[in-house]
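Subject: Structure for your files

Hello,

Here is the structure I said I would pass on. My notes on it follow below.

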Amino acid sequence: MDSSLFQLLNYGVYGTAILVMLIGLYGALVKKSLLKVVIGLSVMESGLNLLIVALGYLKGGTAPIFSEGFLNGSNKIMVDPVPQALVLTAIVIGFGVTAVALSLVIRLYRHHGTLNIDEIRNLKW
Amino acid sequence: METYSIIFAIFLGGAVLTYFAGKLNSILQDILFLGSVLVPTYLFFSGVSFGSAMPFSLEGISLLWGIDHYSWLFALIVLGLGSLAAVYAIGYMKGKERKGYFYFNFILSVMSMLGIVVSQDLISFFIFWEIMTWSSYLMVIYNGKDIQRVGIKYFVFSAIGAYAMLMGIVIVHSITHTFFIEDMIQAYGHMSLQLQIWIPILFLIAFAVKAAMMPLHVWAPGAYSNAPMAYTSLFSGALSKMGVYGMVLILVTLVSRLPQGIWFREVLAWLGGITAAVGTLWAIKQDDAKKLLAYSSVAQLGYIITGVAIGTELGMLAGLFLAVMHALFKGTLFMAVGAIEKQTGTTNFTEITGLIRKMPWTFLASLMSIIALAGIPPLGGFVGKWMLYESLITSDHYLLVILIFFASTAGFLYCYKFLFGFFLGQEEKEWEHVKEAPATMVVPMILMSVFMFVLGTFPGIILKPINNGLMDLGFVDSYKHLWETSVIFNNWGDHVILQPILYSIIAIFLFFLILVVWKGYKGTRYVTTKDISTSGEVPKEDENLTFSVGFTQPFLRAVAPVMRRQIDKYYTEFAKGLEGLFEFMRRIYTGNAQTYALYVVVFVVIVLLFKDVLF
Amino acid sequence: MVGTPVLFVAIPLLAAFLIPLLGMIWKELVRIVPGLVLMYLMVLSINLLNHVLVSGPIVEVIAGWAPPFGINLVFSAFSGFLVTLMIFLGLVVWLYSYRFKRNVGFEPAKKYFLLLMMLITGAVGIVLTGDIFNMFVFIEITGISGYGLTAFYTGRDSAEASFKYLMLGSIASTLLLLAIMILYSQLGTLNMAEIASKIHTVNPTYKVISLILFISALGIEAEIFPLNGWAPDAYAEAPGPVGAAFAGIVVKASVYAIIRYIFTIFDISGAYSFLIIIGMMTLIIAETAAIRQDKLKRMLAYSSIGQMGLVLVAFGFGTEEGVFAALFLMLNHAIIKSLLFLSGSYLVYNSKDKKIVEVNGMHKFLPITSFLFALGAFAIVGLPPFAGFWSKLSVLTAAADSHMLFVLALVLIVSVIELVYYLRVVNRIYFFKKGENVDPKKPTFNALLAMIVLGALILVIGFYPDVITGVIHKASADLMDKTKYINDVLSIKQ
Amino acid sequence: MKKVIVILLLAALGFYLGTTFFNIGFGDPHFANGVKDFYLKETVDNLHVSNTVTSIVVNFRGFDTLGEVTVLFLAVTALGSILYKRRHEVGTRSVLFSSSSVVTAGSKLLFPAVILLGVYVFVHGHLSPGGGFQGGVIIATGFLLMLLSYENYSVSHKWLSIVESLAGIVFAGVGLLGFINGGTFLQNFLPTGVLNNLFSGGVIPIIYIAVGFKVAAELTGVIYTVLHEKGVK
């Protein structure tokens, strides 16, 4: 592949991933609805996962599976499998955290009758 | 040295046992209490010898316990007054609640004070210092009165002092790598000038707090008057002397080797003088005997500080002699107030009058102490005051003499107020059934009065140990009798006595005493406060005509401008301001989850921005 | 060999999966099993610690792949000391809450004990693991258990506290993963020892950014100001024993992680002074906030945060003396603050707002609890002859020896503030009149026993600190010796 | 105002992250001697697992996965603890609706297929993309489908819990067996078979099947718990 095109891809892939992260973080920091905050956190994690997977990519590499096709084929480059394994773990953990977060949102809604994060501050100072 | 271990084990075990014995039997508790103060006292004076020390180590720190003549002198104050106060406390505490608590802290206080004087290293010194602080704090809050203000003020000032000392200790340690006081003294000469100035300051702050020196004295009146009197006699008599102990130690061993040391001395001496004056003025203003004595303690400690700070041979002698005397007479006075409080339930001059016939022994003890306090011959107080004046004059501190003399003279006002307010004046019906305090309370007072009397004539009894102590500290290069520079002492055989002229004073005094008491006892009649008429007007029931309340008014009006500026107020304002600031600062925690998350982002961004500076 | 470190994780996990099944057989088992597990681990950790102190660290590989290929656990003097401490506290907390949770019913009790056990396991895992990503997993285990436990009481504002914790926790895990991935992209390995041995080859810019992200992420868990917004709420709203576990166990693990990164993995010297800066900030802000609190547990929480700031300062000196002081402080803080949380939560047991004024006059009703609280208060402000004094002394000595007189003075000034608010509470307990509508609750026997154990330890360490300082000295020497750590781990062959 | 500050801050953060990662570069080998080469070699030579990600997840870094499974388990437990009271009081669904018969019949038809797909995915986790987690999620979607289409479809909580626990025990137990047989936790102690065969990879398929069951049970549990949560109004 052309190197300048690849350079563009570099900015594109990482840029997208980071942008997704920042969008998620923005949502978590600014949106007033608890649900949107939780969504923001999830989006942030997704961006991060994208970033991690992108880090493991190698030019021209295939999926790290030694299928028959790969063993018999000519392309011997594989992408880095470690980030993929890590991302799997990160996704699962992210799922767990999101589930707990949503259950807390349910509790908070039950308790306060609102999802506005500014009104849920009985604990302060 | 096994003795130290045994002594401290008895103190500790005794304290705990005494506390729990209260659950079983009150008398057993009293006996245990007395035992755990008196037995170690006996063991100490019979079993501990000079020069031998007990080294051991804790947490990798080498510690050393031992005594020299200097610390022995203070051990004498602590244990002597401690034992008498303990006997007194038995009577005083009878029937009061929280007896176990009182006994526990009493024993711990005595133990910690003894610990301070036997400590030859800074760590055990500090540990005992802190135990002393918190055990006395627990006594200050014993009554539960005003504890959030008075109690915490006491502890905060003590802690400021103690932490200043701790800072000094660890700085010294970072240079010497040991905690021995000996090593600190050795290494002091090689330190940088900055440290040579700062280390004594840090230590002196701690000692000045305990010795209630201006401007660190504001805790004292409240704390002294809040603690139970049986303890206050020890508190004011012995515990405050720990400040003097440390001060003399620092002044003699460190400051005297510093060329700039003269400034330390001047500042301390003046602060002491001002303390004496201010303490006296405030004492005059009080209507409560506890408060009066508390301020008086502050004032008396001012004399002591001035004496030791002047640092001439006589000045040091005067300071330490006054320290011993103060332990005696202030101990007695607080005991007397305690006895009155116990018998009448109040300590207010405006309420009590004419107890002289109800509590004659208490009166006698009070009279002796007041004479000693005022510095009137022939009691020991005179000797101390004389030496103080002489040392001030011979070292050309004329202004200071005037200040001290003013304080001392003004002091007569409150001395009189105390005597008159309680014991003289008309007998009120209200106090008709008041009886003399029980023997356990009276005997210690009388004993101490006797000591005061004896010391007035034979000051050598205590001057010699003081002399030896100062020699042990290395106050002067070669052994000598420091009192020889004074004009009032005679060496009589081996004993130091006052000029024979004093004997005639004693004789006259005794004559008048007998005359007045005997005569007065015979020819009095009952007169109530209201049994007078002023210009034909009969005073109403609710008019307070007690003489002792009003007679100081003119004087107080004269000095009112001075007294308007209370240091206490500034401290309070400062503390309030701080709390306001803290209140403002904790608004950082807004309670909004998003704000907290924003903090995280801000933190990360700021650290990233400054990463080249920080890392 | 008396056992192996992997059991610290494997046994509780197995038990955690078993507990729901056991609960179907006999309901009481859900309370007993975690205790049994912790007891076993306590014995194991003491045995291993004894072994390690004599004959050097145990490095255990998992799945048979030698470092850096597999994940490895390192039980050294340093980590072993912390693990033993954590498990001991876990045991105490379990003992304390054994009957305390009886009135909440079977299902919540099952979940409570399960989450508590996993909270401890997660913290232990953080300390034991030798792999940065594995540490992330354990941090998440601790985190999720923490969220669940914080929101345990349904009636209060606990969900709010838990949500704050969770929100910051999520951000923390994002930052942590970013940091891990930056390191991985440079070195291609996740093993701590190998990273440490190769870290000098990494471009300094990446190194610093990665370290900043690590500190920020772990700082959230370690309650560094200004990342600690969740902490006071979570401490105050979680059940008392959980507050104790947070203060004594979770925070310790996070601090361990920060320290491991700064001392062993990275070679950035500026990080030490950075530790001092953030530590001092945390100390000052937290203690000043604590003095103005009107809720007891919140006050304790701020105090706990402040103490952790002091721990970081002590680590920041970067000397062995400083590390010793910090470890000693961690030990004392774990014991004393746990005692304060445990006894404090009984002092305000039945009150609605958990206000400080509600402890007024409690000593008449709860004499032993009150005494233990007072003991803890005296100990935590560093009054001799209690345990806190020795650690404070060693911190100050370390500060003076590092010529940080400014830090020394500030720490002492803050100590005075600390003193004031603890004394105010103790005064209230002993000398104020009990409020009208306050209904004291007598502690159960096992709770009392748990508190007494901690109280006795305070006295023992206070009077004779040598019982523990030998171990701490070895632990601090172990942390300082980076080369040995790398060699110990990387010398393991398949 | 707050938004502007946040955007500025995020821009700064993005700048730092962006420059870092742009400099790291995309698709280039970043490091020389990473562990991945070892993994790629060993998974073929020793473990006979063709999906390297699986061999990393289950074997090389199996400890992480154990933790990961625990996180899920804890999430379910925490969820149950957080939402406890309501579920105790009201056992009915919060959202009640009736689906058309097309939906219900279709779901019934699809359900076995979904389950089968899930099982296939996790059984073949060591051969092809996929594995326990993915398979488990697919199975859980099958249950989600049923729960959405039938208003009174219920899953036995007890059985979910039992499956979950048993699967967890199998995972940890296999790990401990490895400890007993091989000396280290999670070590492979079974014959590894032939590469690219269904029965290959030693304990890896066993663990992944357990994970599949566990994830399926846990996710179903989460869905079920949240569905039965009643709102405040």
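In chain B, the centres of domain 2 and domain 3, taken over C-alpha atoms, are separated by 53 Å. Please keep in mind that this is a predicted model, so every distance here is computed from predicted coordinates. The domain assignment splits chain B into domain 1 (1-250), domain 2 (260-525) and domain 3 (567-614).

One residue of domain 3 may serve as a marker for that end of the chain. Asp612(B) sits in helix α24 (residues 611-614) of chain B. Is Asp612(B) buried or exposed? It has 11 C-beta neighbours inside 10 Å, and a residue with 12 or fewer is classed as exposed, so Asp612(B) is exposed. Between the C-alpha atoms of Asp612(B) and Leu333(B) there are 68 Å, while along the chain the two are 279 residues apart.

Chain B as a whole holds 24 helices and 4 strands. Its C-alpha trace spans about 95 × 70 × 60 Å along the principal axes. The radius of gyration of chain B is 26 Å, which agrees with the value near 25 Å for a compact globule of 615 residues. Buried residues account for 54% of the 615. Of the contacts in chain B with a separation of 6 or more, 79% are between residues 24 or more positions apart.

Chain C

Chain C has 19 helices and 2 strands. Along its principal axes, the C-alpha trace of chain C covers about 70 × 60 × 40 Å. For 494 residues a compact globule would have a radius of gyration near 23 Å, and the 21 Å of chain C agrees with that. In chain C, 75% of the 494 residues count as buried. Contacts between residues 24 or more positions apart make up 80% of those in chain C with a separation of 6 or more.

The two strands are worth a look on screen. Strand β1 (residues 58-61) of chain C and strand β2 (residues 72-75) of chain C run antiparallel and are joined by 4 bridges. In that pairing, Ile58(C) is opposite Phe75(C) of β2(C). Side chains in a regular strand alternate between the two faces of the sheet. Which residues of β1(C) lie on each side? Ile58(C) and Glu60(C) are on one side, and Val59(C) and Val61(C) are on the other. All four are buried, so both faces of β1(C) are covered.

Chain D and its partners

How many residues does each chain give to the contact between chain D and chain C? The contact takes 45 residues from chain D and 45 from chain C. On the side of chain D that touches chain C, α1 (2-24), α2 (35-47), α3 (52-60), α4 (62-82), α5 (84-89) and α8 (157-182) of chain D supply at least two residues each. The largest share of that side, 16 residues, belongs to α4(D). Sorted by class, the side of chain D that touches chain C consists of 22 nonpolar, 18 polar and 5 charged residues.

Chain D also touches chain B, with 5 residues of chain D in contact with 6 residues of chain B. On the side of chain D that touches chain B there are 5 nonpolar residues, with no polar and no charged ones.

Chain A

Chain A has 4 helices and 0 strands, in the order α-α-α-α from the N terminus. Its radius of gyration is 20 Å, whereas a compact globule of 125 residues would have one near 14 Å. The C-alpha trace of chain A spans about 65 × 35 × 20 Å along its principal axes. Buried residues make up 47% of the 125. Of the contacts in chain A between residues at least 6 apart in sequence, 54% join residues at least 24 apart.

On confidence, the mean pLDDT of chain A is 85, with 97% of its residues at 70 or more. Within chain A, the highest confidence is in helix α2 (residues 34-55), at a mean of 91, and the lowest is in helix α3 (residues 68-72), at 79. As a rule, predicted coordinates should not be read in detail where pLDDT is low.

Regards

Definitions and conventions:
Residues are numbered from 1 along each chain as its sequence is written. Chains are lettered from A and ligands numbered from 1 in the order in which they are written. pLDDT is the predictor's confidence in each residue, from 0 to 100. Domain bounds come from an automatic or database domain assignment. The radius of gyration is taken over C-alpha atoms; the globule rule is 2.2 Å times the number of residues to the power 0.38. A residue is buried if 20 or more other C-beta atoms lie within 10 Å of its own, exposed if 12 or fewer, and partly exposed in between; C-beta atoms are placed from the backbone. Two residues are in contact if their C-beta atoms, placed from the backbone, lie within 7 Å. Ala, Val, Leu, Ile, Met, Phe, Trp, Tyr, Cys and Pro count as nonpolar, Asp, Glu, Lys and Arg as charged, and the others, Gly among them, as polar. Two strands pair if DSSP finds at least two bridges between them.
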